[in-house]
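Please give a short tour of this model for someone who has it open in a viewer. Say what to select at each stop and what is found there.

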Amino acid sequence: MTTPESGPPEGQAETLPAVAPQLRALRRRASLTLEVAARAAGLSPAHLSRLETGQRQPSLPMLLSLARVYGTTVSELLGESAADRDAVVRSGDMEPTPAGGWTYWQAGSPGRGMQALRVRVPHGSQGDIVRVHPGEEWLYVLKGRLRLRLGDSTHLLAPGDSAHFDSLTPHRIAAEDPDGLDLLFVHTLLQSPTAALCLGPHTGEMP
């Protein structure tokens, strides 16, 4: 069972060359101590320290939460800067970034009011994490099938299907099939340091 602070083994830290140093640099730019930043993001100081040193990989909820705490975007946490902003993002410029078992590709310009990502979701990863945060989300299934839990309802989305919802609604994302899932993910970037991004693992199985 996954918890909000769990992640892949420490030996996988080398897959995150850009994220770890960015987390520390952006925290210091925001003039926040490790303890204050961790508390605002709903993490323990020890876990945030492991994220900053690359000993643990951040999940998408962690990246969203830290982006709000530091007043920045997921793009910048992943190593891109506002100076790199361009209206067109070429497929050859989209570098994969593994984090928390998922893989992300930037699908939009950094520093915008919305964050666009292409996401690879392997089967069985982060499927027990309940997410709650301010703003809106739009998901579009590219490949595979998505099992989306919204509040008390469960939806199975096939390629070409999409979902657009208020992300204060508790939600869970999981790949239905063993081959995993590819999707487009767009969310609004509302600054809310006190938002609770993860409620933690659900105690029962996703129906």
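**Stop one: helix H4**

Select H4 in this predicted model: the helix is mostly covered, with 10 of its 10 residues buried. The buried residues of H4 are Leu-60, Pro-61, Met-62, Leu-63, Leu-64, Ser-65, Leu-66, Ala-67, Arg-68 and Val-69. Polar side chains are on that list too, among them Ser-65 and Arg-68. Step past the end of the helix to Gly-71, which follows H4 and has a positive phi, near 65°.

**Stop two: the nonpolar core**

Now select the largest nonpolar core, a set of 40 residues. Which of its members touch the most others? They are Leu-48, Tyr-104, Leu-146, Leu-148 and Leu-183. Keep H4 (residues 60-69) highlighted as well, since the helix gives this core 7 residues, the largest share.

**Stop three: Leu-48**

Centre the view on Leu-48 and display what surrounds it. Leaving out residues up to four places away in sequence, Leu-48 touches Arg-27, Leu-34, Ala-37, Ala-38, Leu-43, Leu-66 and Tyr-70. One of these, Leu-66, is among the buried residues of H4.

**Stop four: the whole chain**

Zoom out and colour by secondary structure: the chain has 5 helices and 11 strands. Next, colour by burial; 48% of the 207 residues count as buried. For the surface view, the exposed area is about 9500 Å², and carbon and sulfur atoms supply 53% of it. Last, draw the contacts with a separation of 6 or more: 71% of them join residues 24 or more positions apart.

How values were computed
Residues are numbered from 1 along each chain as its sequence is written. This is a predicted model: local features need pLDDT of at least 70, side-chain atom pairs count only at pLDDT 80 or more; totals for chains, interfaces and linings use all residues. Side-chain values use heavy atoms; hydrogens and water are left out. A nonpolar core is a set of buried Ala, Val, Leu, Ile, Met, Phe, Trp, Tyr and Cys residues joined through side-chain atoms within 4.5 Å. Buried means under 20% relative accessible area, exposed over 50%, partly exposed in between (1.4 Å probe, protein chains only). Helices (H or I, at least four residues) and strands (E, at least two) are DSSP runs, numbered from the N terminus. Contact means heavy atoms within 4.5 Å. Accessible areas come from the Shrake-Rupley method with a 1.4 Å probe; for residues, only the protein chains shown count as cover.
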